[in-house]
2 protein chains.
Amino acid sequence: MSVITCLAGPPVTIAIVAKSDGASRTPHDVAALRAVDGRVPGRRGLATRQRLVECTIGLLGSSSYRDLKVTDITRAAGTSPATFYQYFVDLETVLLAVAEQTVEEGQRLVELISQRAWSGPAGVDSAEALVDGFLDFYRTHRPTLRVVDLLSTEGDKRFRHLRTLILNGMTKALAAEITTVQGDAAEVEPMAMAGALIGMLPQMAGHQMGFEAWDISFAEVREAMIRLIYWGVTGPKVPKR
Amino acid sequence: MSVITCLAGPPVTIAIVAKSDGASRTPHDVAALRAVDGRVPGRRGLATRQRLVECTIGLLGSSSYRDLKVTDITRAAGTSPATFYQYFVDLETVLLAVAEQTVEEGQRLVELISQRAWSGPAGVDSAEALVDGFLDFYRTHRPTLRVVDLLSTEGDKRFRHLRTLILNGMTKALAAEITTVQGDAAEVEPMAMAGALIGMLPQMAGHQMGFEAWDISFAEVREAMIRLIYWGVTGPKVPKR
DNA sequence: TGTACATCAGTGAACGCGCGTTCACTGATGTAC
DNA sequence: TGTACATCAGTGAACGCGCGTTCACTGATGTAC
């Protein structure tokens, strides 16, 4: 068994949390970051906290969620269990912190949607760029997205909320494009269609290997996704029933 | 905390496992069901084993996967931990048994696909029936599908295989319909498109609540799904790039 | 039909590891004057 | 600039619960003759 460490400290960043409207972001309220025993963490403390968060992500990537232990995280971070409990009340809390950090990242993909044309041949290119952009996003945030997804489907409201926030920017941007392209002709609520399309992306990304058994190359699935997005945005006519 | 029990025994059914080709099914090889200490279970033993499987499903539905313990399962089944280890080597093994039972169930939806028309207005009705049929399927098998999905994305090959088997019938049936409808005009490999569409279904079903935050009624998302399936099957033209 | 034997089925009780969690303490850092 | 004090930061070591797991045993069931 190999020992995983996170000793190389990354640049210190202060955790950011999204406001409930999902639009603007503000630095964490100081009280929210207050350590469990009432101390207000300074530079050094925040760096340690951040290291714990990052080691958690690392462990989520290399072992199963079920096997994630507080002691493993502190061992990986080169610190002691007592330190962990100075910053997080339990495992779930550090997972929330992990998820919060991804909310910011999710907004970067918005420009892949809103700064593009979505009708005609250019629309297909845009769909392709969105798919590839998301696959890239997923590759770097796989452990986080997986655990957020799991805890969401298990019914935890806080993680459901965070999942919404992560996908929020993309979904709203895509809905806006749908409205632009289809106007009053839209037969389906643009937000619903956008939500379905964006929600499809992590699903696909997470099951890339799942197609092997059918001898389907993932390249073909990617083509399918591109078309589904294009269709969803442009809304081809569907026969009346 | 409430105590969950599974004492009311269901009719005894012998566990069925799918062959690796995913097509034909045979009763479990006797050796595969041999208890850990070498005994060959009879009627009574198989009933106990089945009760353990069903209590596992029950617990997966009422508490989180992370909190699932062997002792909880045996307590729910009204038996002792030692009995558990007579039929399963560990927790993972009983989860595999849980998943295997759902493989059979997944094939029931095949007729919702293959015994229907998929072009013209009837195609939209078929898409609707598939969506509703799947939502119903998900409702009754949510705990299982969730845990299979999780362990698949975590990279476990056995669960990935089982997930494939569960969705296998539907995917192949839908691919066949795509081929019928589009013929040589298909621009995307039918199995890839079918895999994308069928894979979308558990995703949607699992995140029904996730749309609340956006004030989208799930009914609208359902409409979006129906259209995406219709488009995927009929394959509207996409502009050349 | 009855008896004896083989095998299936189930479990009480215990063992021990590992993990969550805490306390009392030392060391580091910052700042007031 | 130096000293004293407050507060931040970190941890060694331990405690104890709970869970996984096993063993040696009793009871139930089936069947051979």
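## A tour of the two DNA strands

Start by selecting DNA strand C and the 21 residues around it, of which A:Arg43, A:Tyr85, B:Gly42, B:Thr48 and B:Thr79 come nearest; a residue counts as near a strand if one of its heavy atoms lies within 4 Å of it. Of the atoms of DNA strand C that come within 4 Å of the protein, 65% are accounted for by sugar and phosphate.

Before you go on, note that this is a predicted model, where local features need pLDDT of at least 70, side-chain atom pairs count only at pLDDT 80 or more, and totals for chains, interfaces and linings use all residues. Residues are numbered from 1 along each chain as its sequence is written, chains are lettered from A and ligands numbered from 1 in the order in which they are written, and side-chain values use heavy atoms, with hydrogens and water left out.

**Stop 1: phosphates of strand C**

Zoom in on B:Gly42, where a polar backbone atom sits 2.4 Å from a phosphate oxygen of DNA strand C. Next, pick B:Thr48: an N or O atom in its side chain is 2.4 Å from a phosphate oxygen of this strand. Then add B:Thr83, whose side chain has an N or O atom 3.3 Å from a phosphate oxygen of DNA strand C.

**Stop 2: helices facing strand C**

Now colour by helix (DSSP runs of H or I, at least four residues, numbered from the N terminus). Helix 2 (43-62), helix 3 (70-76) and helix 4 (81-87) of chain A, plus helix 2 (43-62) and helix 4 (81-87) of chain B, each supply at least two residues of the surface near DNA strand C. Which helix gives the largest share of that surface? Highlight helix 4 of chain B, which provides four residues. By class, you will find eight nonpolar (Ala, Val, Leu, Ile, Met, Phe, Trp, Tyr, Cys and Pro), five charged (Asp, Glu, Lys and Arg) and eight polar residues (the others, Gly among them).

**Stop 3: over to strand D**

Switch the selection to DNA strand D, which 21 residues surround; the closest are A:Gly42, A:Thr48, A:Thr79, B:Arg43 and B:Tyr85. Sugar or phosphate holds 64% of the strand D atoms within 4 Å of the protein, and bases hold the rest.

Show A:Thr79, with a polar side-chain atom 2.3 Å from a phosphate oxygen of DNA strand D. For A:Tyr87, look at the side chain: an N or O atom there is 2.9 Å from a phosphate oxygen of DNA strand D. To finish, highlight helix 4 of chain A, the source of the largest share of the surface near DNA strand D, four residues.

Key. A polar contact is a pair of N or O atoms within 3.5 Å; within protein, one must be able to donate a hydrogen and the other to accept it, and residues adjacent in sequence count only if both atoms are side-chain atoms.
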